[in-house]
There are 2 protein chains.
Amino acid sequence: MKTKMINMNPSQLLILVFTIFIIIGTIFLKLPWATTTSISWWDALFTATSAMTVTGLAVVDTETAYTLFGEIVIVSLIQLGGLGIMSFAVLIFMVLGKKIGFRERILVQQSMNQTSLGGVVQLVRNLFFFSLVIEFIAMVLLSLRWVPELGWSKGIYYSFFHSISAFNNAGFALWSDGLSRYVGDPIINIVITLLFIIGGLGFTVLADLKSKDTFRKLSLHSKIMIVGTFSINIVAMLFIFILEYGNPNTLGSLSLVEKWWASYFQAVTTRTAGFNSLDIGSLSDPTIHFMILLMFVGAGSASTGGGIKLTTFIVIVLAVVTYLKGKKEIVVARRTVAETIIFRSLAITMISLTLIFLAIFVLTITEEAAFLPIVFEVVSAFGTVGLSMGITGTLSIIGKLVIIIVMFAGKLGPLTFAFSLARQEKSKIRYPQEDVLTG
Amino acid sequence: MKTKMINMNPSQLLILVFTIFIIIGTIFLKLPWATTTSISWWDALFTATSAMTVTGLAVVDTETAYTLFGEIVIVSLIQLGGLGIMSFAVLIFMVLGKKIGFRERILVQQSMNQTSLGGVVQLVRNLFFFSLVIEFIAMVLLSLRWVPELGWSKGIYYSFFHSISAFNNAGFALWSDGLSRYVGDPIINIVITLLFIIGGLGFTVLADLKSKDTFRKLSLHSKIMIVGTFSINIVAMLFIFILEYGNPNTLGSLSLVEKWWASYFQAVTTRTAGFNSLDIGSLSDPTIHFMILLMFVGAGSASTGGGIKLTTFIVIVLAVVTYLKGKKEIVVARRTVAETIIFRSLAITMISLTLIFLAIFVLTITEEAAFLPIVFEVVSAFGTVGLSMGITGTLSIIGKLVIIIVMFAGKLGPLTFAFSLARQEKSKIRYPQEDVLTG
Ligand SMILES: [K+]
Ligand SMILES: [K+]
């Protein structure tokens, strides 16, 4: 077995490790004391996959179906999945004082989607430091809001659960209607969204931000991520505000201030966090259509999010614009983007579209649901978003299996594919070249 | 004006000429003696665009709304649009004995999507020869079936109309339910499908087939088109047969032989021809979903069809497979495909997806229809297919305008974009390089 594992390539090993953790999670969630009433093996597998891939789609109501033990299993899977098992592995090596070899670095490099081996150990250290500090601060802030409302033990526990769920972009909430009851609450809106926006930028960006003192000194990747995240969130907020303004089931019944809070929240949550403060099933078709694009694009590379990744999307857009202008090289902020990055982005996008297409195809056969909720569900799973128009609970067994596969591929696929695509290639340099993480 | 036209680039001129013909067609169709009851300017514009772009979407019932004069206008627009106005222009130059200059060659080159100027005149000659001969033979064959049924004048006229409509992949039929009444009729099935399959291969392939005596000697483009067309049609036929086998509103009520005829017909018609022998609105969701992909892909370059084109699709698939294998160059039939072709294919695909996304977005706002019929309508317009789940007649004015723009862009867009993208680039040769037409 040991020799076999050594013969595996890192992608296969990563998939194996994720699978093992999901199986362990499934067994834990199937234990009698994990649930209030017995759930099926399929539902346990679905929930474990959803938690481990930080998706947040729920076949059973997280609020009522699971005991405290079950919820702890879920939040543990979220933390494991979010930070990446591989970085855990490196941490264990570090703690045990073992030398971190080339092989382990490759694994972490892949799970963090890094293109160079240098600084991997440092990255993992920073990753843990950031995560724990940010989650702790958020827990304190949320406690200020929830302890007075829910009492000490429940208030602190809810703060603990939701800060981990939010920072890892998992989207699991302990209320059946998500965070709808806090639709106009500034503290909840700000803390939760800041958590998943920071988590969604990716740890490389955070590390970069920590070590540089001006925006100009940041890496190309960080610049694209920060400007891209800001722009897409603004656009999404305006779209949702305008499209839903008169919808009586969503923004229509809210005050103007609440309308803005809700538009902001739904705009930033859709690319991968998956929390909701509006009823997704009541949104209008154009909003849903637009959200499908946001979910497909997703968050940043080396972040807790899914999707093809924001940088992949931006590289594709820039590639098309560049070629329409008849230019030969993509230039951003006085840097050119290598051709290999474009091909990688193309491959990621097309593989993702193929996966989504096939999943929708199967679901249109196996499910009774209409077309739009099916498309929404599949893209939500692929982007590890976790929003749903309400069909998750009604999925057939084949439907659940398809969504499980899509969540798994959404979390690991583009990344592992990207790794198998990574190649060194010499190119004629005009501007100095610099990598952009894609997928 | 003349100097301005000379300053236009070929793409702009092509768009201008198409626009002028559509406007003329609109005016003709708005004439009192073109219709049985008055139609709006919007409906006249829609019909003219639909005919000129050989789409076949109909806001009014072609069978009852138009007089013989109106139908002649429509079939003329189909022939003009199908063969390409630019080749007509060259023909006029030839007939008038004028020298065919570089400028005119460029225009034809573009409307035929050729990558070299050589053989353009020859191509146009062949194009006219092929078209007229094939349309005439088809008319005779269809007359054998329709003269006994409909009498001499109506029988010959219907044969004339449908042979032009089929060869140009226009999809206009003179029966409200398309060719549903001939669902099991071998002559109609074979003649009509052969017409649009031949038309959909593209004239370069036909010319190539005429001048070469073995398959091996054919150009890479012809090989890809022939094998690709054959394969995709077989797959589509099997899918439709299996998916619709038990659907009582489509295949379910037919005999086994009729089931196969209908599956074959619907499989080959969907990529761009747009005739139907089944009720599209009654097809099951998985079939519709699969057909959306077929319509997006479309027919061959330099053919009468639309879509991103079969070769573009194949190049994208090969590019992804090649990079997944870690290889550097796409190799097909001992030929490599140039990188510029891949970038062009990427650009065509992404621009097309963007256009489709935006059109769907607008229609979800302006129309009452469900999501799936809207997606189907937009992709059908983009692929100049003309199939509809039945919402064409109920479109709002904005909805009609959007579909008009998409039909126009579907016919001219990818092609004109492709031209503006065409670049010469030197590349390291392993196998000799050869072009594949994309878009
Ligand atoms: K999520
Ligand atoms: K058509």
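Across all chains of this predicted model, eight salt bridges are counted. The tour begins with some of them, then moves to the metal sites, a helix, two backbone oddities and the cores.

**Stop 1: helix H8 of chain A**

Select Arg145(A) and Glu149(A). Their side chains form a salt bridge, with 3.0 Å from N to O. Both residues belong to helix H8 of chain A, which covers residues 120–150, and because they are four residues apart, about one helical turn separates them. In an α-helix, residues three or four places apart point the same way, since there are 3.6 residues a turn. Glu149(A) is partly exposed, at 40% relative accessible area. Arg145(A) is also partly exposed, at 23%. Now add Asp185(A) to the selection: Arg145(A), Glu149(A) and Asp185(A) make up a network of salt bridges.

**Stop 2: helix H8 of chain B**

Move to chain B and select Arg145(B) with Glu149(B). A salt bridge of 3.0 Å, N to O, joins these side chains. The two residues sit four apart in helix H8 (residues 120–150) of chain B, about one turn of the helix. Glu149(B) has a relative accessible area of 39% and is partly exposed, and Arg145(B) is partly exposed at 23%.

Which residue meets Arg145(B) in a salt bridge of 2.4 Å? Select Asp185(B), whose side chain pairs with that of Arg145(B) at this N to O distance. Arg145(B) is in helix H8 and Asp185(B) in the loop between helix H9 (152–167) and helix H10 (186–201) of chain B, so this pair ties together parts 40 residues apart in sequence. Is Asp185(B) buried or exposed? Its relative accessibility is 11%, so Asp185(B) counts as buried, the cut-off being under 20%.

**Stop 3: the potassium ion of ligand 1**

Select ligand 1, a potassium ion, and show the residues that coordinate it. These are Val54(A), Thr55(A), Asn169(A), Thr272(A), Ala273(A), Thr384(A) and Val385(A), each through its O atom, at 2.5 to 2.8 Å. Along the sequence, the donor residues follow the spacing V-T-x113-N-x102-T-A-x110-T-V. Two of the donors link distant parts of the chain: Asn169(A) is in the loop between helix H9 (152–167) and helix H10 (186–201) of chain A, and Ala273(A), 104 residues apart from it, is in the loop between helix H13 (256–269) and helix H14 (285–297). Asn169(A) and Ala273(A) are both buried.

Stay on Asn169(A) and look at the backbone. Its phi is near 55°, which is positive although the residue is not glycine. Most residues other than glycine have a negative phi. The relative accessibility of Asn169(A) is 1%.

**Stop 4: helix H17 of chain A**

Next select residues 371–382 of chain A, which form helix H17. This helix has 12 residues and spans 17 Å from its first C-alpha to its last, close to the expected 16 Å. How many residues of H17(A) are buried? The count is 12 of 12, and the buried residues include Phe371(A), Pro373(A), Glu377(A), Ser380(A) and Phe382(A). Just after the helix comes Thr384(A), with a positive phi of about 40°. Thr384(A) is one of the donors to ligand 1.

**Stop 5: the potassium ion of ligand 2**

Select ligand 2, the potassium ion whose protein donors are the O atoms of Val54(B), Thr55(B), Asn169(B), Thr272(B), Ala273(B), Thr384(B) and Val385(B), lying 2.5 to 2.8 Å from it. Val54(B) is in the loop between H3 and helix H4 (62–65) of chain B, while Thr272(B) is in the loop between helix H13 (256–269) and H14, so the pair ties together parts 218 residues apart in sequence. Val54(B) and Thr272(B) are both buried.

**Stop 6: two more residues of chain B**

Select Thr49(B), in helix H3 (residues 41–52) of chain B. Thr49(B) counts as buried, at 1% relative accessibility. Beyond its neighbours within four places in sequence, Thr49(B) contacts Ile22(B), Ile404(B) and Met407(B).

Then select Lys309(B), in the loop between helix H14 (285–297) and helix H15 (310–324) of chain B. Lys309(B) is not glycine, yet its phi is positive, near 90°. Its relative accessible area is 4%, and Lys309(B) is buried.

**Stop 7: the nonpolar cores**

Finish with Ile192(A), Phe275(A), Ile192(B) and Phe275(B). In the largest nonpolar core, of 172 residues, these touch the most other members. Another core, of 79 residues, lies apart from it, and among its members are Val385(A), Leu395(A), Ala359(B) and Ile403(B).

Notes: Residues are numbered from 1 along each chain as its sequence is written. Chains are lettered from A and ligands numbered from 1 in the order in which they are written. This is a predicted model: local features need pLDDT of at least 70, side-chain atom pairs count only at pLDDT 80 or more; totals for chains, interfaces and linings use all residues. Side-chain values use heavy atoms; hydrogens and water are left out. Donors are N, O and S atoms within 2.8 Å of the metal (3.2 Å for Na, K and Ca); water is not among the atoms, so sites may look incomplete. Buried means under 20% relative accessible area, exposed over 50%, partly exposed in between (1.4 Å probe, protein chains only). The expected span of a helix is 1.5 Å times one less than its number of residues. Contact means heavy atoms within 4.5 Å. A nonpolar core is a set of buried Ala, Val, Leu, Ile, Met, Phe, Trp, Tyr and Cys residues joined through side-chain atoms within 4.5 Å. A salt bridge is a side-chain nitrogen of Lys or Arg within 4 Å of a carboxyl oxygen of Asp or Glu.
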